[in-house]
Amino acid sequence: MRILFFGITQFAVRGLKKLLLLGHTPVAVVLSPIHSQDIDTMKLICQDHQIPIYTEANVNDPAFISTVQSLFRPDLLLTFTFDQKLSSLLIKSATYAINMHPSFLPYYRGHNPYFWPIANGETSTGVSYHFLSENFDQGDIILQERVPIRPNDTCGLVVFHQETVAVDLLERLLQMIQSGEPLPRMTQLQGDFPRAPKPTLRDHFIQWDRTSESILNHIRALNPYSGAYTQYKDTVLAIYQATLTHYRIPGDPGTILSLSAQGPVVKTLSGAIVLQILTAGKKYLLSGNDFIENEKVTVGDKLVSWEY
């Protein structure tokens with residue numbers, strides 16, 4: 001099978017490795033001109049397996065489409081987390097044009113389906129394979145499977161589980177294509193489903209006037225990629241781990257109520273949480289207790305939400 005593979009993230013790394021493991025060496029791999037560890041890893045894999053690499057700022061450029069149609073002649077055009085919208089002309093260049101999207105469509109269409117389900121307190125997400133269409137993430141569904149989000153799961157852990165499901169479903173998809181039987185087509189439901197836009201800088205900041213559970217979800221949704229931000233004096237903190245506490249004392253949200261052995265106890269709308277792992281304007285992680293000692297934290301200090 002002649003497969004033209006598009007991808008830019010760690011999902012794409014896992015997908016490319018799975019194709020090779022199954023004996024399906026792509027005719028080429030298409031990347032975007034961005035710099036990331038995942039793209040560097042894909043380049044190394046391609047070099048090891050002598051797979052041509054095309055780095056395209058615009059995959060809909062007529063010259064590139066001409067190359068696809070005349071040189072690659074793909075049976076399967078497979079996008080595995082790609083940041084460009086493919087034109088109908090490019091989609092029609094292959095017998096099958098299919099996208100892997102890391103959510104349970106139609107929920108969380110969009111750029112970042114990793115952050116939002118966890119931040120919104122969902123108990124599951126998913127993986128969906130669907131036919132490509134001119135509208136992002138809206139083509140008919142071929143295969144999909146739910147992936148649970150457990151109460152303490154970080155985004156990194158959920159993504160790992162999604163990757164595992166994605167490559168398992170990929171093997172099933174290839175078997176279905178090779179069987180020659182028509183692929184299933186399930187029209188996506190229409191409605192006001194939650195979406196997954198790229199989080200803004202403001203979305204990265206903790207809003208202390210929310211419930212403890214909401215704030216903990218927010219922190220989990222940004223671990224391990226950036227941490228959830230808050231400002232302490234002149235320093236931006238990135239919070240990677242926190243836990244609920246039943247410490248009850250009046251105070252304004254964002255106020256440090258107590259200094260525990262685990263870290264500072266911070267007031268929220270519904271109670272308080274303990275900050276356990278964070279960075280304080282530096283590149284190395286601190287325990288909550290180390291943060292207290294290094295920054296000379298005192299009871300009554302304030303953590304500030306978005307003020308930019």
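User: Which element gives the most to the lining of the largest pocket?

Analyst: A pocket is an open set of points on a 1 Å grid over the protein atoms alone, where a 1.4 Å probe fits, with protein on both sides within 12 Å along at least five of seven lines; lining residues have an atom within 4 Å of a point. Here strand S5 (96-101) gives the most, with three residues. Strands (E, at least two residues) and helices (H or I, at least four) are DSSP runs, numbered from the N terminus. This is a predicted model: local features need pLDDT of at least 70, side-chain atom pairs count only at pLDDT 80 or more, and totals for chains, interfaces and linings use all residues. Residues are numbered from 1 along each chain as its sequence is written, and side-chain values use heavy atoms, leaving out hydrogens and water.

User: Which residues lie closest to the centre of the largest pocket?

Analyst: Thr-9, His-111, Asn-112, Pro-113 and Tyr-114 do, of the 42 that line the pocket.

User: Is Val-13 buried or exposed?

Analyst: Buried means under 20% relative accessible area, exposed over 50%, partly exposed in between (1.4 Å probe, protein chains only). Val-13 has 8% relative accessibility, so Val-13 counts as buried. Val-13 is found in helix H1 (residues 10-21).

User: What does Val-13 touch?

Analyst: Contact means heavy atoms within 4.5 Å. Not counting residues up to four places away in sequence, Val-13 touches Asp-38, Thr-41, Met-42 and Ile-45.

User: How many residues has helix H6?

Analyst: H6 (residues 155-179) has 25 residues. Its first and last C-alpha atoms are 36 Å apart, close to the 36 Å expected at 1.5 Å a residue. That expected span is 1.5 Å times one less than the number of residues. Just after H6, Gly-180 takes a positive phi of about 85 degrees.
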